[in-house]
Amino acid sequence: DPAVMWRGPTWPNVNWLIVKALVDSGEREISRQILGKFLKSISKSGKLVAEEYYNSQTGKPGTGVGHYGWGAILIDMLCRFVVGLNPQIGKGLLLNPLDIGMDWFRLNNLKYKGQTLSIEWSKEKGYSLNVSGNKRVHSPSLKSIRVAQL
């Protein structure tokens, strides 16, 4: 029953765990599908709204707490899975974006290990990483890229 607490609804934190596990195990296609459907279901008028849980069949918010405190996990989902920013121990970085069908996105001026990162995607220009104003990585498609040293 998609309306009964913990017996069918979908929860942002559980979706994060599932998508992360699937990405880590190399199951990019199913993780891409789950993430895309989840983000689409919680988008209202172009804004992501973090409700406590959602009906797993319709995507509509459940009867739980409205505007629940899942904002941080939504930001992490966008940065980690859509933009592809995966922090690493040491001086490197893993870019591992999932293509959920977006025409473009941009994450500007993110402070990371003493550098300023900007990560951008557009269907016309491709996927790129700028580090402190210098282009470091470019790819025509969204794919996994390991940056050994910033």
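Partly exposed describes a residue whose relative accessible area falls between the buried range, under 20%, and the exposed range, over 50%. The legends below apply this term to a predicted model, which holds four salt bridges.

**View A. A salt bridge in helix H2 joins arginine 32 and glutamate 29.** The side chains of these two residues meet with a distance of 2.5 Å from N to O. Arginine 32 and glutamate 29 stand three residues apart in helix H2, which covers residues 28-41, and about one helical turn separates them. Glutamate 29 has a relative accessibility of 43%, so this residue counts as partly exposed, and arginine 32, with a relative accessible area of 27%, is partly exposed as well.

**View B. A salt bridge in helix H1 joins aspartate 24 and lysine 20.** The closest N and O atoms of the pair are 2.7 Å apart. Both residues belong to helix H1, made up of residues 12-24, where they lie four residues apart, or about one turn of the helix. Aspartate 24 is exposed because its relative accessible area, 55%, is over 50%.

**View C. A salt bridge between two loops joins aspartate 103 and lysine 123.** Here the side chains meet at 3.1 Å, taken from N to O. The pair links distant parts of the chain, 20 residues apart: aspartate 103 sits in the loop between strand E4 (93-95) and strand E5 (104-112), while lysine 123 sits in the loop between strand E6 (115-122) and strand E7 (126-131). Aspartate 103, at 48% relative accessibility, counts as partly exposed, whereas lysine 123, with a relative accessible area of 51%, is exposed.

Terms used. Residues are numbered from 1 along each chain as its sequence is written. This is a predicted model: local features need pLDDT of at least 70, side-chain atom pairs count only at pLDDT 80 or more; totals for chains, interfaces and linings use all residues. Side-chain values use heavy atoms; hydrogens and water are left out. Buried means under 20% relative accessible area, exposed over 50%, partly exposed in between (1.4 Å probe, protein chains only).
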